[in-house]
Amino acid sequence: MSRRSLLGDAGLLRRHYSAGWRASLLVALLVGVTVAGVALAPRALARLGDRELRHALMTTSATELDLAGIGQLGYADTAAQQNVATDVAIRNVRLGLPEPLRDLVGQPHWLARTSASTVTLPREQQLTLDLRLAIDLAWDQVARPVEGRLPDAYDGRGPIEVAVSRALAERVHLRVGDRLPNDPAPLLVTAIVEIDDPDGSYAVHSGDLVAPTVQEAPDTLPTVLGTALVHPDSASALREPMAGGSIVAWFPIDASRVRYADADTLQPQARRLASTPVELPNGGRLSLRTGLADVVERTSDRIASTYALLALALSGLAGVLVAVFALGVQTVLDRRRPALALASARGAGRMQVRAVMVLEGLLIAVPVSALAILVVSTLVPATLGPVGRALPVLTALLVPLLFGVLTNPRTLHQPRRDLRVATHGRGRPVLEIAVVALAALSLLSLVRRGVVESSRAVGIDPLVVAAPALLTAAVCVLVLRVFPWPLLLLQRRLRSRRGPVAVLGAARAVRSPALGFAAALALVVGLSVVTFSAVMATTIRSGLEHSVREGVGADVRLSAARFDDGDLAAVRRLAGVDAAALLTVRSGVELDLGRTARVEVVVTDTAALHDVRPDLPVLAGRGQDALPLLLGTDRAEEPEDVLLDQVPAVVTSVVGRDLLPGLDRRWVLVDQSALPTGAAEGDGEPRELLLVRVQDGAAADEVAGLAAAAVGGHPDVEVVDVDEELAAVSSSPVVGGLRPALLVSALVALVLTMLTVVLASLAAARSRHQMLGVLRILGMSRRQLRGVVAWELGPIAVTAVLVGTVFGLLLPRVITRALDLRPFVGGRTPPQPVVEPLLVLAGVAAFVGVVVVAGLVAVAVGRRLAPAETVKMGER
Amino acid sequence: MTAQIECADLVRIFSAEGVEVQALQGLTLRVDRGELTAVVGASGSGKSTLLSILSGLDVPTAGSANVAGHDLLAMDTRERTAYRRHSVGFVWQQTSRNLLPYLTAGENLAMALAVARSPRRQRSARVGELLDLLEVGAVRDRRPAQMSGGQQQRVAIAVALANAPEVLFADEPTGELDEASSQLVFDALRDVNERLGVTVLIVTHDQRVSHQVRRTVQIRDGRLSTEVLRTTRLDAQGVEQHHAEEYAVLDRVGRLQLPEEYLKALSLKDLVRLELEPDHVKVHPTADEEAPS
């Protein structure tokens with residue numbers, strides 16, 4: 001079957017590339033899947049960032065978040081001018097905002113109010129009413145009359161008709177038709193209205209319109225502060241009191257549209273907006289503020305920490321990925337070798353040979369990568385930065401690059417194959433020294449730089465990200481250098497034994513290792529990524545628990561103005577309670593430590609507190625010359641002899657302010673038995689805390705429920721527990737997403753390791769089968785042959801398990817020195833690596849299983865591929 | 001006659017991890033332009049190493065080698081590439097090393113032309129010309145697996161000649177062929193030598209081949225040991241008489257290798273006694289004599 005000869009360059013290349021297309025297709029598939037993964041990862045991260053930012057903004061109160069402000073209305077000539085012009089000016093604020101801020105800011109609401117004036121209430125009430133009149137252009141949508149009719153406009157004649165909220169009406173017993181004396185005209189209640197406030201923004205920004213506030217002070221009548229609505233057209237007649245009052249405006253923030261990619265632009269935009277007052281017509285002014293910038297900044301820190309952490313976990317994989325690609329490319333190259341050797345012998349220059357292979361690399365990688373990127377970007381749309389966009393492209397281009405680098409025209413002609421042994425070029429030591437030196441440099445700079453407070457300031461620092469990859473590569477270099485020594489020793493010791501398998505296996509592992517650098521790298525990196533992920537997952541979890549516990553102050557905290565004597569005993573009796581302590585916090589106590597300061601004093605049974613919080617010391621009781629106390633402060637101060645409310649005292653130790661939750665900048669802890677009666681009473685009402693430690697194995701949230709029921713007699717009890725707080729923290733997308741992400745990176749590491757072992761083992765199939773053929777002829781049994789094959793993978797796998805585990809355990813120590821995880825986990829102290837032996841062991845076991853399976857698969861596939869090689873020991 | 005191939009004191013040592021193999025130990029050889037020469041020798045004598053060096057695929061450790069005006073020890077990469085493209089062609093024993101299995105005969109030729117950047121439009125004519133010259137024009141559109149062994153080797157010769165080399169090297173070109181095919185391939189080589197004037201150097205085990213060339217050189221232990229020159233003379237009756245005369249090679253410092261059969265016949269070993277006569281040198285065995293004190 002002849003076929004038409006193609007004599008042109010393109011036709012010849014077509015023939016060349018289409019020969020042995022299966023290997024190329026496999027590499028193309030590998031590239032496609034990898035590029036899809038690399039394209040997906042930044043998109044998933046960008047979406048995670050978006051979700052985290054939205055979650056943070058949505059869980060922030062509207063009071064803090066909304067763009068809101070208070071100002072002064074101008075003094076206009078006519079009402080129409082006034083209302084419309086003000087409305088336009090306020091709406092223009094939004095229209096004048098730069099993108100992306102404008103996109104998040106919703107339509108404004110505003111209210112103009114007179115200042116409050118005391119109104120005499122009908123029906124002789126024991127109350128004072130301070131009432132403000134308000135104009136709201138959207139009043140007909142907001143105020144729904146439940147009684148009466150909405151007021152008519154006040155034009156300077158007759159009474160001023162007003163609508164009051166049902167809450168105000170009930171509080172001060174107002175009815176429709178009530179007339180209240182007022183200046184400049186009496187007020188007539190024409191309507192009692194319900195304020196429709198579906199998003200709660202009126203309650204937040206103009207709460208007195210929805211419900212009145214009541215101020216109570218001893219020896220005076222309670223004062224009710226409320227607001228009544230008048231017809232907007234009353235503005236003209238009321239322009240004087242209005243100009244003397246205030247204007248409140250707010251723009252809701254729509255968090256569902258925020259994107260993490262815009263975080264850096266949003267912050268300065270929001271800050272600039274808050275620092276520039278808005279000019280209103282006729283001399284009015286409005287100052288706006290929003291907590292958006294702070295929330296975005298805080299959250300961005302956390303997201304950046306997550307990104308950095310994931311980049312760290314994944315950067316090691318980059319090395320394995322290169323190794324896998326290199327092995328795949330090598331498979332194609334091996335198939336092309338005879339053709340390249342022939343072309344080179346016929347006079348193809350080095351550039352020609354390389355160009356042919358680079359072109360093949362491009363043909364393999366570019367179409368499939370373009371398709372992968374297209375599919376991923378269609379399915380998972382996201383806004384990406386330049387790095388996110390470049391990564392998949394660079395990954396795809398790695399393939400032609402590897403084709404170019406691994407095509408070595410010098411090695412195509414091997415004059416004496418019989419004399420070919422595993423020798424390494426001069427380039428290897430230079431490369432190895434460079435890798436080790438770079439790793440050392442990177443480590444040194446990390447250690448010298450220390451923990452960076454905000455990982456966002458650094459972003460995904462190349463130094464931090466490259467460190468694990470470089471360290472892993474350096475470790476691999478050392479492993480491959482050191483690895484033969486113990487084997488040589490072993491080989492010498494095994495010589496005296498009768499079995500040939502171990503001697504042969506050890507000799508082969510030393511002199512002609514079947515699996516090269518790529519496999520060693522993949523094994524060490526694979527396991528270190530698995531171990532690293534396990535340790536980091538535990539570290540993050542424990543860091544979160546630690547910071548939550550710091551925030552709660554114990555496993556469960558109950559707080560109220562006062563607990564009864566029986567409450568403590570009742571809580572202590574509860575199932576699951578290990579210990580409980582009652583703390584009384586008195587504020588405004590004078591502490592003389594050279595100068596006088598006002599502090600909070602925590603009075604408790606320190607022995608009971610020590611049972612709940614073993615980190616807090618037991619202070620001595622009565623009978624001392626001076627009152628022993630513990631000082632909690634943020635400042636660097638170490639006073640010894642002090643006076644607490646004139647009582648001589650001695651500071652036994654100084655601790656951080658956050659050691660007990662919810663206290664002032666400076667506080668002292670004293671034992672209740674040591675404090676003289678009547679001393680340090682402070683000003684104002686004390687408040688009490690009940691700290692509970694739960695038994696091992698008991699659930700804090702269940703204990704919290706029981707405790708809340710046990711002290712249920714108090715109306716103002718507030719209960720927090722670590723479980724609930726932890727669940728709240730974990731509801732954050734990044735916290736919730738980090739563990740799956742670490743798990744995914746561990747799984748990817750396992751898959752890549754498996755691929756590497758299979759590919760490297762397949763690449764060694766030819767030499768293995770030649771050797772097995774010889775050994776079979778020499779009379780080795782099948783069992784012995786299997787042993788010889790096992791020696792191929794065994795020593796390097798054992799070394800990888802040892803080195804990879806140790807390295808994976810050490811890497812988190814390096815990382816936590818370089819990367820501050822506090823934005824992520826919160827808390828006072830940077831979290832330290834926590835190793836959970838069972839989890840690490842499970843990871844190692846999974847890894848060993850994967851390697852064994854990969855080895856078996858490779859040997860089985862290799863046996864099917866090259867059955868004839870076992871006996872053919874000829875020239876090739 | 002000008003020398004097309006000139007080697008002097010060629011040494012090639014392979015060394016790897018403590019193992020050192022001296023494949024050529026000061027080989028000296030001169031082949032004139034247009035000559036057809038056979039190189040014979042036992043396995044491991046250094047024949048293939050010599051051919052690798054001459055074809056520019058390997059570099060000698062010491063000595064001098066000059067082929068078609070190229071100093072093989074002084075060539076840089078660029079010159080070496082040009083040398084392989086235009087100055088020499090070669091044919092190996094295994095077809096798999098000569099032809100790419102997935103290309104047709106025409107395409108294999110075109111590949112050699114493409115490597116040398118020969119213009120596309122000239123290729124078809126050149127391919128046809130060479131295949132016809134080697135009498136394999138019929139298999140132009142067939143792949144190697146669809147040809148006989150002899151056809152494959154003749155296509156391989158055509159490929160080797162694609163870029164009009166001055167010298168053609170052939171390493172056991174008939175090694176895997178039956179007698180008839182061998183003869184066809186050898187005839188093709190001789191034809192190429194005669195019609196195109198290409199210098200041909202054949203490394204062979206095949207006695208039939210070596211007996212058909214005018215000059216056969218034998219390599220032993222990495223050195224040229226003997227040389228057989230065949231001449232054809234007409235006797236008194238006008239009948240062609242073939243004469244073969246074997247010469248031992250004397251190197252520049254006076255060393256020579258005695259043929260194996262001479263050594264065996266006279267039990268020449270270790271020490272021999274030389275005697276200078278007016279027109280020749282006598283070599284006497286010393287086994288029966290008393291060893292010199």
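This report describes parts of a predicted model with chains A and B, beginning with a sheet and ending with single residues.

## The sheet of chain B

Chain B holds an open sheet of seven strands in the order 6-7-8-3-9-10-11, and the pairing is mixed. At the edges are strand 6 (88–91) and strand 11 (240–248) of chain B, each of which pairs on one side only. From one strand to the next, the twist averages 20°.

Two of the strand pairs can be followed in detail. Strand 3 (residues 36–41) of chain B runs parallel to strand 8 (residues 199–203) of chain B, and four bridges join the two. In this pair, T37(B) stands opposite L201(B) of strand 8 of chain B. Strand 6 of chain B is likewise parallel to strand 7 of chain B, with four bridges between them. Here G89(B) is placed opposite L168(B) of strand 7 of chain B.

Is strand 6 of chain B covered on one face or on both faces? Both faces are covered: V88(B) and F90(B) are buried on one side, and G89(B) and V91(B) are buried on the other. In a regular strand, side chains alternate between the two faces of the sheet.

Helices also pack on this sheet. Helix 7 (residues 179–196) of chain B touches strand 3, strand 7 and strand 8 of chain B, and its direction makes about 155° with that of strand 8 of chain B. Helix 1 (residues 47–54) of chain B lies across strand 3, strand 7 (167–171), strand 8 and strand 9 (215–220) of chain B. The angle between helix 1 and strand 7 of chain B is about 150°.

## Domains of chain A and contact with chain B

Chain A is divided into three named parts: domain 1 (9–46 + 298–482 + 513–545 + 732–870), domain 2 (64–293) and domain 3 (562–715). Between the C-alpha centres of domain 2 and domain 3 of chain A the distance is 44 Å.

Where the chains meet, 29 residues of chain A are in contact with 35 residues of chain B. On the chain A side, the elements that give two or more residues are helix 1 (9–18), helix 12 (292–345) and helix 13 (350–379) of chain A. Helix 12 of chain A provides the largest share, five residues. Sorted by class, the chain A side has 14 nonpolar, eight polar and seven charged residues.

## Two helices of chain A with a buried side

The buried residues of helix 21 (residues 565–573) of chain A are D567(A), L568(A) and V571(A). Seen down the axis of helix 21 of chain A, these fall within an arc of 95°, so they line one face of the helix. They pack against strand 15 (577–592), strand 21 (687–694) and helix 23 of chain A. On the other side of helix 21 of chain A, the residues D565(A), G566(A), A569(A) and R573(A) are exposed.

In helix 24 (residues 722–730) of chain A, the buried residues are V722(A), D723(A), E725(A) and L726(A). These cover an arc of only 165° around the axis, which puts them on the same side of helix 24 of chain A. Their cover includes helix 20 (517–552), helix 23 (700–710) and strand 22 (718–721) of chain A.

## Backbone details

Most residues other than glycine have a negative phi, and most peptide bonds are trans. The table lists three places that depart from this pattern.

| Place | Backbone angle |
|---|---|
| E99(A) to P100(A) | cis peptide bond, omega near 5° |
| H173(A) | phi near 55° |
| E172(B) | phi about 45° |

P100(A) is in the loop between helix 4 (79–95) and helix 5 (101–104) of chain A. H173(A) sits in the loop between helix 7 (166–172) and strand 7 (179–180) of chain A. E172(B) belongs to the loop between strand 7 and helix 7 of chain B.

Which of the two words, buried or exposed, fits H173(A)? H173(A) has 12 C-beta neighbours inside 10 Å, so it counts as exposed. E172(B) is buried, because 20 other C-beta atoms lie within 10 Å.

## A buried residue in helix 2 of chain A

V35(A) is part of helix 2 (residues 21–58) of chain A. With 26 C-beta neighbours inside 10 Å, V35(A) counts as buried. Not counting residues up to four places away in sequence, V35(A) touches S369(A), A372(A), I373(A), P392(A), T395(A) and A396(A). V35(A) and L523(A) are 488 residues apart along the chain, and their C-alpha atoms are separated by 22 Å.

Note on methods:
Residues are numbered from 1 along each chain as its sequence is written. Chains are lettered from A and ligands numbered from 1 in the order in which they are written. This is a predicted model: local features need pLDDT of at least 70, side-chain atom pairs count only at pLDDT 80 or more; totals for chains, interfaces and linings use all residues. Two strands pair if DSSP finds at least two bridges between them. Axes are lines fitted to C-alpha atoms, for helices over the stretch in contact, and angles run from 0 to 180 degrees between N-to-C directions. Two residues are in contact if their C-beta atoms, placed from the backbone, lie within 7 Å. Domain bounds come from an automatic or database domain assignment. Ala, Val, Leu, Ile, Met, Phe, Trp, Tyr, Cys and Pro count as nonpolar, Asp, Glu, Lys and Arg as charged, and the others, Gly among them, as polar. The arc is that of the directions from the helix axis to the C-beta atoms.
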